[in-house]
Amino acid sequence: MNIIEVLAQELDIKQTQAQAAVDLIDEGNTIPFIARYRKEKTGSLNDEVLRALDERLHYLRNLEERKQQVLAAIQEQDKLTETLQKQILEAKTLVAVEDLYLPYRPKRRTRATIAKEKGLEPLAERIWKQELQRPLEEEAKAFVTDEQGVGSVKEAIDGAKDILAERVSDTAAYRTKIRERTFKEGILQSSAKDEKQESVYEMYYQYEEAIGKCAGHRILAMNRGEKEKLLSVKTLAPKEKIVEWLERQLLQSPQKKAANSYAEAALREVAVDSYERLIAPAIEREVRNALTEHAEEGAMKVFSKNLEQLLMQPPIVGQVVLGWDPAFRTGCKLAVVDETGKVLDTAVIYPTAPQNKVEEAKKVLRRLIETYGVSLLSVGNGTASRESEQIIAGFLKEIPQKVQYVIVNEAGASVYSASKLATEEFPQFDVAQRSAVSIARRLQDPLSELVKIDPKSIGVGQYQHDMNQKRLGEVLQGVVEDCVNRVGVDLNTASASLLEYVSGISKTLAKNIVAYREENGAFQNRRQLLKVPKLGPKAFEQCAGFLRIVGGEQPLDATSVHPESYGAAGALLQKLGYPLSDLKHGGIVGIGKKLAALNGNEWKEMAEELGVGEITLRDIAAELEKPARDPRSEMPKPILRTDVLEMKDLKAGMHLKGTVRNVIDFGAFVDIGVHQDGLVHISQMTKRYIKHPLEAVSVGDVVEVRVLSVDLNKKRISLSMLPE
């Protein structure tokens, strides 16, 4: 198998691009580095394509390795034929390789191996080849011997059929066909263990759906119901059709003669036994595993997209924020953080039940707002959030200052608060105070704060706890890496938890960078990174372009221009008549117009003259015009509120503005400010046909919705994005 050819075909890219990407990965380059700084080599492949390529490369290399292991194992048994070798080498999946290896795989003692030990293989061979010259019972008499432990004709015939049933089961061509037919014509069925028991799985108590049409979220729901012992799930294959087909295969005489009447009955029984006892259970396991794997992959893609959108939400800069972690009995924890996220003050108030000390709480709030110039409240959406919001909305009407509030999804805040990382960051605070700080900071800079939390705990997926956790962790890690490197990181303010997601920086290096910074003061230039313990030239190459130094010795250190291109950047500025020092005052005004006037040939000539690729030169030029531009600035800003809306206030037909909190396979949950997210079903998103809600919305989108219905008892809100 030519891996490069396969990758190019599957990803719809050129073979030269695939080869370049594979070479760069093998050289130890990270995906963000390749995507940003090696565009010339890969033809501008983005991080999404590169991650897909990296994943498939790993699978295909594992496949080739497994093929060699299988070939060696069969060769050891001296059973490797040219035909079998060709089949194995041409196999495109691990399943196909394992099917071909099945007859040669070392087996535990089976009914077939016991029958072979009793010398019944010659009888089985005659039945298989349909060479019986007399009734099977007559042929079998010769194999009834005390010496071999065969006590009767029936025992001899049964043993021979066991040998053949295993042979049929081990035939790759039969398994492949049966597997395909089960996927194509089979049914996935679920039923209740106890129909009287109420549960969230009631729609699956009597449920059937074609295997090929079953949506991922339904498969994962059934799996969970089965795991919780509320559902019984099985696949129903077209058994009669499969057995009929299998009989036809077995009864076709090798000499193309009519079926041997003496062998026919036995072969029909072999077909039924082989399918029911050996093939069907194995295929059912394979089908269920394949369905689950496919469903998980789909769910991971949705989770990844949701996480990316959440991490890329725009920061609210230049505001002093008060974080509010709501609670009842233990009181609401408050934390004031300045524009940079530094904690200025903390407090605990008890405006909610059972204390209800509202006036006392307002005094504390007035003091904090007046003392520190708080302009924004970030309120967690957990327990007592609704009660807190009502108090806040009333309070904001009483004060002269213009203060607004935002309800923030606090998923994962408690996980972070109790973590070792939070303890190291705020040893003097208790868990709830740390949570209030996190709630405030995730509004100021969602990316910097959310990287401290395990992505699986952020709450923008579906069925994430039912998935392969290792695989899910790897996928989400890649998403966070891509987001962090796309935005870039301030080398002199970034925490170790943020730095460890930067290309080429491990957890150890991240801690070493922070330790070096604390000991030696702020970094003045990127080259200083090479003085950090264990940070060598390769790590420097991978990380330098993603780390920013604002106000340092080298103006280009504040941009995403890589140090390897500083010479070209300086030469470009000189050629266009701009001093490098102009960068210190922001972007170089007018450079865009000068560059826009260049035609294709002029770009090419200039790139050659400066010794860089044309794509790199265009990237450098764009960065010089708008240094360190934040891609998050293009995302929708969070909705700031000053008044409260309750669920009972909602009426069908009302038009509201909301924020998409989570996107799932069948719709999206939208926060409309009533502490209960409403569901926009996929059918209510757009008039055009879409396969998945992600084609219409993303997490963080601000959307106009219309209320369709409200169920106060079940706390369900149905919304529509369609015009009336």
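This passage goes through the overall build of a predicted model, then its empty spaces, and then a handful of individual residues.

Starting with the whole thing, the predicted protein carries 29 helices and 15 strands. Laid along the principal axes, its C-alpha atoms take up a box of roughly 105 × 70 × 50 Å. Out of 724 residues, 49% come out as buried. The accessible surface adds up to about 35200 Å², and carbon and sulfur atoms provide 49% of that. As for how the chain touches itself, if one takes the contacts with a separation of 6 or more, 67% of them join residues 24 or more positions apart.

Next come the empty spaces. Rolling a probe the size of a water molecule over the atoms is a way to show where empty space is left. For closed spaces, the count is 1 cavity of 30 Å³ or more. The space inside the largest cavity is about 310 Å³. Its lining is made of 21 residues, and those nearest the centre are Leu310, Gln313, Val408, Asn409 and Arg661. Two or more lining residues come from each of strand E8 (404–408), H20, H21 and strand E11 (655–664). E8 is the top contributor to the lining of the largest cavity, putting in 3 residues. Sorted by class, the lining of the largest cavity splits into 14 nonpolar, 3 polar and 4 charged residues.

Then there are the open spaces, where the second largest pocket is picked out here. Its volume is about 1600 Å³. There are 44 residues in the lining of the second largest pocket, with Ser448, Thr493, Ala494, Ser495 and Leu498 closest to the centre. Several elements give two or more residues each to the lining of this pocket: helix H19 (420–425), helix H20 (431–444), helix H21 (446–450), strand E9 (489–490), helix H23 (496–499) and helix H24 (507–520). H24 has the largest share of this lining, at 5 residues. The lining of the second largest pocket breaks down into 17 nonpolar, 9 polar and 18 charged residues. H20 and H21 turn up again here: these helices are listed for the lining of the second largest pocket and also for that of the largest cavity.

One of the pocket-lining elements, H19, is home to Ala422. With a relative accessibility of 0%, Ala422 falls under the 20% cut-off and therefore counts as buried. Beyond its neighbours within four places in sequence, Ala422 touches Tyr416, Ser417 and Arg434. As for distance across the model, Ala422 and Val95 sit 327 residues apart in sequence, and their C-alpha atoms are 45 Å apart in space.

Asn29 is another buried residue, at 7% relative accessible area. Asn29 belongs to the loop that runs between helix H2 (15–26) and helix H3 (31–37). What does the side chain of Asn29 make polar contacts with? One partner is the side chain of Lys538, at 3.1 Å, and another is the side chain of Gln542, at 2.7 Å. Lys538 and Gln542 also show up in the general contact list of Asn29, which, with neighbours within four places in sequence set aside, reads Leu24, Ile34, Lys538, Glu541 and Gln542.

Finally, some backbone oddities. Most residues other than glycine have a negative phi, and most peptide bonds are trans. Asp12 goes the other way on phi, with a positive value near 55° in a residue that is not glycine. Asp12 lies in the loop between helix H1 (3–11) and H2. Is Asp12 buried or exposed? Its relative accessible area is 71%, which is over the 50% cut-off, so Asp12 is exposed.

Gln130 also has a positive phi near 55°, again in a residue other than glycine. The loop between helix H9 (121–129) and helix H10 (136–140) is where Gln130 is placed. Gln130 has a relative accessible area of 6%, and because that is under 20%, Gln130 is buried.

On the peptide-bond side, the link from Ala353 to Pro354 is cis, its omega being near 5°. Pro354 sits in the loop between strand E6 (343–349) and helix H16 (358–372).

Conventions: Residues are numbered from 1 along each chain as its sequence is written. This is a predicted model: local features need pLDDT of at least 70, side-chain atom pairs count only at pLDDT 80 or more; totals for chains, interfaces and linings use all residues. Side-chain values use heavy atoms; hydrogens and water are left out. On a 1 Å grid over the protein atoms alone, a cavity is a set of points where a 1.4 Å probe fits but cannot get out, and a pocket is an open set with protein on both sides within 12 Å along at least five of seven lines; lining residues have an atom within 4 Å of a point. Grid points are joined across faces, edges and corners, and a volume is the space filled by probe spheres set on the points. Helices (H or I, at least four residues) and strands (E, at least two) are DSSP runs, numbered from the N terminus. Ala, Val, Leu, Ile, Met, Phe, Trp, Tyr, Cys and Pro count as nonpolar, Asp, Glu, Lys and Arg as charged, and the others, Gly among them, as polar. Buried means under 20% relative accessible area, exposed over 50%, partly exposed in between (1.4 Å probe, protein chains only). A polar contact is a pair of N or O atoms within 3.5 Å; within protein, one must be able to donate a hydrogen and the other to accept it, and residues adjacent in sequence count only if both atoms are side-chain atoms. Contact means heavy atoms within 4.5 Å. Accessible areas come from the Shrake-Rupley method with a 1.4 Å probe; for residues, only the protein chains shown count as cover.
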